[in-house]
Amino acid sequence: MDQIMKNTLKLRIYIIILIIFPLKACDDLLVEDPPSNISLANFYQSEEDVLVGLYGAYSNLYGLVSQAPNYGEMIADDMTISPIVPDAFEWDEFTFNSEVTSGLWSQCYTAINRANEVIRYTEGIDFEVGRKADLIAEARALRAIYYFHLARAMGGVPLYDSPTVGFDNIYEPRSTEDAVYDFIIQDLQIAADELEPSSPSGRINSDIANALLARIYLYRGDFQNALSHAEAVINSGRYRLLDDYADLFKAENNNSIEHIYQIQYLSGEINNPLPGRYGPRAPSGPYGRSFWAGTTIPGSYAPSAEFVAENPESYRRSVTIADHYDHIDGVSGVITMLEVYGGGFPYYISKFNDREGELQSGVNYTVMRYADILLIAAEALNETDPTDPKKYEWINRVRERARNGVESDLPDLTATTQDQFRTAVLEERRFELAFENQRAWDLKRRNLFLNKMRAQGKNVEDFMLLFPIPDMQTQLNPNLEQNPGW
Amino acid sequence: MAYNLLFGIVFQLLLMNLLTEARAINHNEHTKGENELLILNANHLLFKEEVNIHEANFITISGTIIDQNGQPIPGATILVEGTNTGTATDIEGNFTIEANEGNVLLISFIGYESQSITIGNQTILNITLTESQSSLEEIVVVGYGAVRKSDLSGSVSSVKGEDMQKTPANTLIQSLQGRAAGVDIRAASNAPGGGMKIRIRGTNSINASSDPLYVIDGFPIDNINTTPGGAGNNALATDPLSSISPNEIESIEILKDASATAIYGARGANGVVLITTKRGKLGSVKVDFDYSLNIANVRKKLDLANAEELAILTNEWAVNNNQPLIYNGINKPIPEDLGEGTDWQDQIFRTALTNTYNLSLSGGTENTKYMVSGNYLDQDGIIIESNFRRGGLKFNLDQKVNNRINIGINLNANMSINDAVPSDGSGFQHDSPLWNALTTTPVISVFDAQGNYMHNHDETVKILENPVSIAKTRTDITETTRVLSNAFVVFNIIEGLDFKTNFGTDVINSKRDVYIPNTAETQALPNLGVASIGTIQSNNWLQEYTLSYNQEFGSMHRLSAFLGYTIQTRETESVLSRTDEFFTNSLKYNNLGIGSNPRPSESNAVNTALLSYIGRLNYIFNNKYIFTGTVRRDGSSKFGAENKWGVFPSAAFAWRLGDEEIIKQLNAIDDLKIRSSYGLTGNENISPYSSLALYNTTRPIINGAPVIGLFPNRIPNPDLKWEKTAQFNVGLDATFAEGRLNFSADYYIKRTEDLLLNVTIPNQSGYGTSVQNIGSVENKGFEFQIGIKNTFGELNWNSSFNMSFNRNKLLSLAEGTDRLLFGIGRGESAHGRTIAEPGQPLGLFYGYRFAGIWQTEEEIIAVGNTVGGINRPGLPKYADLNGDGFRQNDEDREVIGDPNPDFIYGFSNDFSYKNLTLSVFIHGVYGNEIADMNRIGLLAQPQKHNVYKVYYEERWTGPGTSNTIEAPITNAGEWKNFSDRDVLDGSFLRVKTINLSYNLPSSLIGMNRIRNAQVFLAGDNLFTFTDYTGFDPEVDLYASSNVQMGVDNGAYPMSKSVRIGVKLGF
């Protein structure tokens, strides 16, 4: 009986061991270590990691492209919607509500947080000091680009110089517009000073930083700085105008010698959504299933009547807009838009045509090209030293290419008053950079926007110069003040 | 895992040592000459009762126990009242027991009326037990154990396999539909192998899953989607239980209240479905075979315009848009020459055959019980080219090693092949045979003169691929192999105390092959052929260590206690490879290398773990007062570092009033019990790693090529934890008229807090949303069940009726969020919304109020609108809710429907007369609404695609002609507004199954080798009473969503069918 008791006791002990034994170490099982995901625990440990994080911040640029024509052109005077789109378009009519900027807001702030991660975490990684400084400078330049998009549209916005790590700092109020621009300029200046002048296509270099600074100083009315940064690009000798204006918008000329900065596309990988939206639309009939007859997109773009009327005859105009096209899919011969639109407004925007790419366009989106820099330099010089003849040289280089040898079309400018030159350079920008999403911003910075648009019969209120902060964001963050009027 | 492996080895060593010791003890005990008795109850728990051999004057009694049919009853218990002496009958029903003269023998067996016999001087007793009318003696499986129904204090619905098998169905869950109060089951996809949507007592969550936990033979399975990714086509809703044949079911218990579910802790909040499969029973070898053939057709076709009608509408559209007539007799024939045209529904629907085979072999001695079975299902879908096949093999064994040790093994292996067609409107470019059959113009035929497929090239721009071509030329095959197995050892430590250890694995391997040929017509994107191969491999490991104690103290106290510790881990890996652009279609997906545009490969690995401590105490006083307390402490890897562990307690009390004298004296009530419980349960059903910040991949183009970029996907939330549901339940069970009438009712209030909600946060943080524990939902309800057993001469009538009322209400959301909107509808019809708003049920439809058709311009001007755009005569008019004119914006939208039913019910009836049994099963839902998103597409734009016939019949053609359907005017679908016109009553009453079966009398069979033989003829879904105009009111496009319910949009339609079959037992 003792033996039984002993054995029973032993058994009980075993059982207790069995139950207790697994309890200790198993808590480790609850610690999550995702096998196929990178987390902060195993990221930002090498130079390669930094680059990958940086590319994450770059990728948001794509999100800015699809709405860029709405911000830059559709609300201004040169662009309207395609005649076959049946509805009025909110961007054309100023009927948008205060959620219209939600895409811009989220794209930019998502990217800013990514850039901030790169800036913050790169510091703690041990690799060559110069390359480390370069990568941080590149992230700063990216951050500046996104803040510029926000400030240009909405004025002062909340400023973040470090990444979000918890829920504490997500309710920051708006900074002033000046503070945001100071921040942007500081970031870009660091990039201009630190980076090399050349970079793999799609990445930021010092020339790009200088070009962006030139544009931003121009927006700020700081013509001296605009001029000096534009000249830095011009004097580098690394850029020139392409001979043929039409070549600028073709996939084979991506990242050409004229393109200072382009957002990169590759057909089938990441398709540029814009070329497809400039195509003429055939509402029905014999064109069947073709690129041109693809699904009508609300807000398909067309040139405005004013643009067509005021754009002087030139080779450049003939590249920019057209009233016919040649043998579309399945139908050969010239087809006029008059026929297609059944008497409607017969023009379409032809400069971005990418019929080769169909709906998978691999044409890059141009952020900044050399012609723009020449015109910025000319405009800035006209303000700082109106007598300096270099401004004619710069603007006439653009006109010369545009007229394509037909001297009478766009003769060289000479001997204008300062004010005449102001007008001339703005008009030059209008037609040289037509539909490249600069127009509305140019009009706004020159305080011409409201008058221009009212002259077109648009119902635009004074407060609409600034876009609204997305309503949802002001609801989510009570510290966020809405722009007046919205 | 290394740790687990090591632990497993150590454990096995200990176990072997333990067994050796146990043998030694047994040996010692036997040499002491002590007698002992082990009774194995259904719970697999061991009671040990000692017999004192020193008391004298006993006599030896032997006998046989048989049932009413003269068949021996093995395993019946015989106890000497007031002593610890007892025995059980052997395989032939024989027993021997020693007792004193004058003692009373208590003879009992589950499902039979107990008997007591006072011992006189007889030494041979032959006893006939009669089947119990009362269900109180039924054994009900509960979490980690089983109890007598009379001892149950929680709310549990029990469905017996034999009842389910009376109304045969292809899948287990289908056969459960309408059987249990409080359980709402709807088909999510009627495709073969398609999934069902199950809600037990309502929807508790918004973003986390509200699916119940499934436990198969004690193994809690993870209800993960095991359909791998594939190119283009979205994965169908699949049925996690499709691998189990309904014929293998012994019983299904549905645990509903907190007392029953809290034992599953962090997984119990949505209810628990316990599935018990058949096991071998004491008795000689039995062989059972059954076969059935099911012949199915689509239950209903939609009434669409024919070719002539569509051409007339198209011409009208042309006229309305100042365009030349399209069907003008020149380019195309005039409408009158077109006639009926092609009925595309006839082209894709077919009479579908399903063959089901089951074969099983089972038997058992006192020491060994076993069952081996195999099943095979070959089901054709009612849409051409869709097919589901499943083959399964099952084996289980219960072995008594010695008086102290029992072991058991379960093995369930099966393979299924789902040969699917795109459905649910979610195919590549939203094309599917069904949707395209509804929309393709009847003007064209299937093939042109050259034998090529013709496609719907409409009058403007829309391309629709020929539905037959989609079905025949695209491939989507998913092969799934699943092995669910476990092995356990039960060791009896001392009297009443058992230690059980259980190891199990659930291994799933799934592979999906997709091919879209380069001939497939797709919109917008040029298609040059797409092939993909996706796989998922999932291993789920379970270890359980439990102690259970059962003891009676005197006749007044019964105590059972349970303690356990479990570890469950899962490793899941998935891979997807895809290549585009094939010059040939001949190799399909078999050679991805031959495509010229390989896409980046994707792979993913996920690990999860759940550690749990479990405790339960049951105390029954005087057989009248039942107390149950449970507690489970769960640690889940899915949650934040600060909140890994949660505790889920519950308590219940039941009072068997029926045993009180005062009730007994009424002589009207056989049994009456009231139950009450309260407890906390959790829901941990969210994606793993939700609390961590992970980096997602992006591929920007740099230097002319894609590069990998990473970006963080969320702000880490170390405080993330489970949703917590507190549930109060009060219930009543009563039996009247000698068990012929039973009644059971429950009322409950469930409140779920700390919802795992995707909360919108200020975007300036760099993130749009964050998963946080915010918000609460309430479900209140009442459910009851009535059972009747009646006999009229030789006619037996058994019926059971159940009905459930659930009221769901969202109580709160995150601060600053006053509502959540969700999109519904796909492709052509993606224009709907549902809303979740505090104070309202989840899933309400949200849209415009249809107010007829604008008749004249004057009418438009009169209400202050300008003519044009959306306001033109012949176009729909919508209510202006805020007085600023109708605008297509939020101010003119409101709640326009509720998908939540007022009540659901099920009614089963079995009539048997001699050898003939008729089973009729009725199932219904009342008061719910369905958003028929098909209507949005099919009541507009006849120039683009086909429309409902009612469009032709009721369209507006001029002032006063129609106030229901617009004129064919619009171009771009700009007026496809979701309004109350698209929200329809979804109530239905369905005679789900009628089954007439005939048991061949043994005289007819003429062979005593055959135990029984039955033939049956059944009809499924033969009668459905509903006002719903779509294919079928039983529809749910978003199977896994809690906030998008009752949406119909190109779903695979319901069938009706006739089934014939035979069952043979040897």
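**Entry 1: two buried loop residues**

I take a residue as buried when its relative accessible area is under 20%. With that cut-off in hand, and keeping in mind that this is a predicted model, I went to R201(B). Is R201(B) buried or exposed? Its relative accessible area is 1%, so R201(B) counts as buried. I then looked up where R201(B) sits: it belongs to the loop between β14 (196-200) and β15 of chain B. Its backbone caught my eye too, since phi of R201(B) is near 55°, a positive value in a residue other than glycine.

I found a second residue to put beside it. Q941(B) is not a glycine either, yet it has a positive phi of about 55°. I located Q941(B) in the loop between α11 (934-938) and α12 (949-954) of chain B. At a relative accessible area of 2%, Q941(B) is buried.

**Entry 2: the two chains in outline**

Next I noted the totals. For chain A I have 20 helices and 9 strands, and for chain B 13 helices and 58 strands. Of the 486 residues in chain A, 58% are buried. For the 1066 residues of chain B, the buried share is 58%.

I also looked at how far along the sequence the contacts reach. Among contacts in chain A with a separation of 6 or more, 71% are between residues 24 or more positions apart. For chain B, the corresponding figure is 70%.

**Entry 3: the nonpolar cores**

Which residues have the most contacts inside the largest nonpolar core? I wrote down Y147(A), I184(A), I373(A), F449(A) and F467(A), in a core of 140 residues. Helix α7 (residues 129-154) of chain A gives the largest share of this core, with 15 residues. Another core lies apart from it, with 32 residues, and I noted W435(B), L939(B), V947(B) and F1031(B) among them.

I followed up on I373(A). Setting aside neighbours within four places in sequence, I found I373(A) in contact with A211(A), A214(A), A230(A), V233(A), I234(A), I260(A) and M368(A).

**Entry 4: a helix pair in chain A**

I373(A) came up again when I turned to helix packing. For two packed helices, the usual description is the angle between their axes and the distance between the axes. I looked at helix α9 (residues 206-220) and helix α15 (residues 370-384) of chain A: their axes come within 10 Å and cross at roughly 40°. I therefore logged α9(A) and α15(A) as oblique to each other. The crossing of α9(A) and α15(A) is left-handed.

Which residues meet there? On the α9(A) side I listed A211(A), A214(A), R215(A) and L218(A); on the α15(A) side, D372(A), I373(A), I376(A) and E379(A).

**Entry 5: a mixed sheet in chain B**

Back in chain B, I traced an open sheet of 5 strands, ordered β12-β17-β18-β15-β16, with mixed pairing. Why is one side of β12 and of β16 left without a neighbour in the sheet? I see that β12 (156-160) and β16 (219-221) of chain B stand at the edges and each has a single partner strand, so one side of each stays without a neighbour. From one strand to the next, the twist averages 20°.

Inside this sheet I checked one pair. Strand β15 (residues 213-216) and strand β18 (residues 272-277) of chain B pair in the parallel sense, over 4 bridges. I216(B) has I275(B) in β18(B) as its bridge partner.

**Entry 6: β19(B) and its partners**

I picked strand β19 (residues 283-298) of chain B next. It runs antiparallel to strand β20 (residues 352-364) of chain B, and 12 bridges join them. Here A296(B) has the bridge partner A352(B) in β20(B). β19(B) is also joined to strand β58 (residues 1055-1065) of chain B, antiparallel, by 11 bridges. For Y291(B), I found the bridge partner V1062(B) in β58(B).

**Entry 7: an antiparallel sheet of 4 strands**

My last stop was an open sheet of 4 strands in chain B, in the order β45-β46-β47-β50 and with antiparallel pairing. Its edge strands are β45 (820-824) and β50 (894-897) of chain B, each pairing on one side only. I noted an average turn of 45° between neighbouring strands of this sheet, direction ignored.

Strand β46 (residues 832-836) and strand β47 (residues 844-847) of chain B pair in the antiparallel sense over 2 bridges. There I found T834(B) opposite F845(B) in β47(B).

Note on methods: Residues numbered from 1 in each chain as written. Chains lettered and ligands numbered in written order. Predicted model: local features only at pLDDT ≥ 70, side-chain atom pairs only at ≥ 80, totals over all residues. Heavy atoms only, no water. Core = buried A, V, L, I, M, F, W, Y, C linked by side-chain atoms within 4.5 Å. Buried < 20%, exposed > 50% of the residue type's maximum accessible area, 1.4 Å probe, protein only. Contact = heavy atoms within 4.5 Å. Pairing = 2+ DSSP bridges. Axes fitted to C-alpha atoms, helices over the stretch in contact; angles between N-to-C directions. Parallel < 35°, antiparallel > 145°, perpendicular 65-115°, else oblique. Left-handed = near helix turned anticlockwise from the far one by under 90°.
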